Every structure is written in structure tokens, then in C-alpha cells.
Amino acid sequence: MPAGKIDPVTVADEGGLCVLGQTGEYLCWADQNLILRPMLATGWEASEDVRVWTFRLRPGVRFHNGQPMTIDDVVATFRRLCDPEVGSNALSAYRGVLTPEGVQAVDEQTIRFELERPFSNFPYLVSSDTYNAVIMPAELPADYEASFIGTGPFRLKEFQPRVKAVFVRNPDYWGAPPGPDEIELRFYEDESARLVAFQGREVDVIARVTALGAESLATVPDLELIEFSSATHLQIHMRTDLEPFTDRRVRQAMALALDRQGILRGLLLGKGDLGNDSPFAPVYPSTDRTVPQRQQDLEQARRLLTEAGYPNGFTVKLVSWRGIEIPDLAAIMQQNVRQIGITLEIELTDPGTYYGKAVFGESPWLDSILGITDYGHRGNPDTYLRASLRGDGVWNATSSKMSGTTGWSTSTPLRSTCRSSGRSRARSKSCCWRRRR
């Protein structure tokens, strides 16, 4: 369910981004094999130093109101998204890479991006990997929810916030027509409500199913499970500028207290991979698989806490939101760290409250001393590294001032990571259920 009003520039929650993607399109699309496919751009090329990228636009594309998509629309879209004054959620991808001045029209069908520094993976940043990067009209409607204007194969028929969104086939779509004439998205508060709706045949497809949720559907007849590997993960952060996590030994103790294999078995039912404490998921070719896997070591964890001045442990609040595997992961963490004397007080809210405005001072996510955050799949790990692990990253919830912050990770069927000098992550397979036709 969208956490609040959907604005294509600032929307950050999964529900809102899902709705945005029904009508909006990107310059290119990153498929499940991490390969980029042309979409609103037919091709692209880089300068020899990979600092300047040129994209050729697809001709004959129209927005849902009949207005042609022009070079001005594309330029305006990216200038909005990389403007720090606008507060775009896409700054997680563009900060330090692209400025509004670097977005230029070459001619009526060609756009050029002059980057702040060489960046070989830049095409991923203007693809579906950057969820907000859907191409919008130069004059973005003030009330976007009234039209959900875009260039995609579906256009808006009806939208009822917190209830449903209905889309119908776009007869003027530039590409092959989509299969159904109409699709309806229904919004539910939690997974249990979605599972009940699916079992009761109120809906035909449910996405983003946890391993435990999928298991509850396994005996239902006429169902098909679609399963694939992804880099989605949960990220657990510890504020390095606040006690007790200013001490690296405390962060290491937290990480060493975790039973990663137990999380993989209990939370994911074995449907995942241990990511070994880094944003490099096993699905990435760049992942170094020779690094030894970190194991639970309670004795060493207790020793580190004692050295840090906490021989009897401490109490700390863990903040996150109620959804996907987060409540179960928080409970497992609570049990694990209790063995070394740490007491976790768990506070779970709705996603809109947790993420807030996604800026320091106005977001429990970024302001909490300890938290769990869900990260979606990307075709390469650049956004994870730059947005959350760099000292100046816009999503650096650890508040570390140095590049390469600390934390740990542990994954779930669709998300799970963490950060710290002791990090550990289990990667899972994404899955959804649909009825066989």
C-alpha cells in the first residue's frame, strides 16, 4: 500500500513506487539477469573516459494525454531528479555523479549527460534501477495522482487512495500492446490481508511474498510460484555518532551475536544466500566469493563488550516498520543479542512514519540509533555503496563521516542487509504467486 501521496519525484515507499511503475517508463530497463534493455532510449554510448554519456530517444512516443514526448521533457525530468533543492528521492543515485547543469539536449532526439566524474555504470542510474527516473512532462502536473501521466502501456482509469488503482490499456502506446485490457491494484495493510485476499480469489497475483507467507499457500490448488534471485535486502544500521555505537567493538559484538545460518533457515526457510556482510549480493558478477563467511561467536562478542566498558550489556531501542520480514527479523535479533547482555526494545510503526521525509531530523529511519531498512533490487551495487555506505551518502543512516561506514546485514525473501564493521547478510529469492490460467 502506498504510504502517502504519490509524487513521482519524492515517492520512496514500495507501494507508491509500484503504482508509479504502472504508467511510467524509463530510458532503459534492467531485467532480472542484470542486463539493460532499451525502452524510451533506443541506444547509448560513452566517451572514452566514461564521463560523458549520450542517449538516443525513441521517436513517436506520446504521453497519455496525447502530448508527444520531446527532448525538453527528458531533460526537465533529469534536471528535477538531480536538483538537491527539489528533495528528489533519486538523489540516492545522482548525488556526486550528476548535476542539473550536466543534463543537456544535443538535438531533438539526443540527450547528453556530462558527469561530475567518470562512471562506467551510469546507464543503470537512468534505468528502472532508479525507481523515480520515469520520464515525465516538462511541466509536471501539480496533482499527479489525478492522471498518473506517463508514456507506458497502461493509463489511469480510477484511483482511490488506500483502496485501489485501476489502469486500462493505452491505445496509443508506442510498443507492443500489453496482455490484459485492464489491471486493478488493490491495497492491503499487511501480508496476511493480501494472502487472505488471494486465497479467497479476490486477486489473481500477489507480489513480494515472504518465505513464511509463500509456505502458507503451498497447498492451495491452481497456483503458480514464480521465484528468482535478487539483491533485495534488509539493512540494519547503527548510529556511529551516538553511544554505545561510537565504539567499534560494540558494533562488532552486535554482528558476532547474530546466528546467520539460523536466520537463513528460520526467516527465509533456506530460500536465500548469505551475503557475508556487504552490499555485493551473490547475483553480482563483481562479488568476491573467496571472503570467509562470518560466523556467530558469542564468546568473542562478550569479550568485546567488556573491553568497550559494557560487561553487563546495555539497553537500546530498535526502530523500524511493520512489514515483510522486518518484525520477525527484529525478534530474532532481540533473542540473539540477549545472549550477550544486550536488551533490544523494539518499536515498529507504519512505513510512512518510519521513512518520514527521508532527511535527517525528519525521519525515524535516519534519526534512530538502531534500525532496519528495506532496500530494493538494483542491477549493480553502486547505489547501495554510495547512498548508504559513503560518509556523505544521502541514506547514510549510520551517520558515519568516513567513507565505508559500519553495519551488518541479514536478508529475507526480497530484502535484507545491514551495516557495520561486522555485517552479515542472507540473500533471498524474490517470489510471487499467481493463478494458473
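A disulfide is a pair of cysteine sulfur atoms within 2.5 Å. By that test, this predicted model holds 0 disulfides. Take C28. It is in no disulfide, and the nearest cysteine sulfur, that of C82, is 16 Å away. Seen from the other side, the sulfur of C82 has its closest cysteine sulfur in C28, and 16 Å is too far for a bond. Both cysteines are tucked away from the surface. C28 is buried, with a relative accessible area of 0%. C82 is buried too, with a relative accessible area of 3%. The cut-off for buried is under 20%.

Turn next to helix α1, which spans residues 14-23. How many of its 10 residues are buried? The count is 7, so the helix is largely enclosed by the rest of the structure. The buried residues are G15, G16, L17, V19, L20, Q22 and T23. What lies over them? The cover includes three strands: β7 (154-160), β8 (164-169) and β9 (182-186). The start of the helix has its own feature. D13 caps the N-terminal end of α1. A side-chain oxygen of D13 lies 3.3 Å from the backbone nitrogen of G15. G15 is itself among the buried residues of α1.

Now look at the nonpolar interior. In soluble globular proteins, nonpolar side chains tend to be buried together. Here the largest nonpolar core has 54 residues. Which residues have the most contacts inside it? They are L27, F78, Y94, I111, F113 and F122. Helix α2 (residues 71-81) supplies the largest share of this core, 5 residues.

F122 gives a closer view of the packing. Leaving aside residues up to four places away in sequence, F122 touches W53, F55, V97, L98, F113 and L115. One of these partners, F113, is also listed with F122 among the residues with the most contacts inside the core. A second core is separate from this one. It has 53 residues, including A253, L305, I369 and V394.

Finally, find T232. Where does it sit? It is in the loop between β11 (223-229) and β12 (233-238). Is T232 buried or exposed? It is buried, because its relative accessible area is 5%, and the cut-off is under 20%. The side chain of T232 also has a polar partner. It makes a polar contact with the side chain of S230, at 2.8 Å.

How values were computed:
Residues numbered from 1 in each chain as written. Predicted model: local features only at pLDDT ≥ 70, side-chain atom pairs only at ≥ 80, totals over all residues. Heavy atoms only, no water. Buried < 20%, exposed > 50% of the residue type's maximum accessible area, 1.4 Å probe, protein only. Helix = DSSP H or I, 4+ residues; strand = E, 2+ residues; numbered from the N terminus. Contact = heavy atoms within 4.5 Å. Polar contact = N/O pair within 3.5 Å; in protein donor to acceptor, adjacent residues only side chain to side chain. Core = buried A, V, L, I, M, F, W, Y, C linked by side-chain atoms within 4.5 Å.
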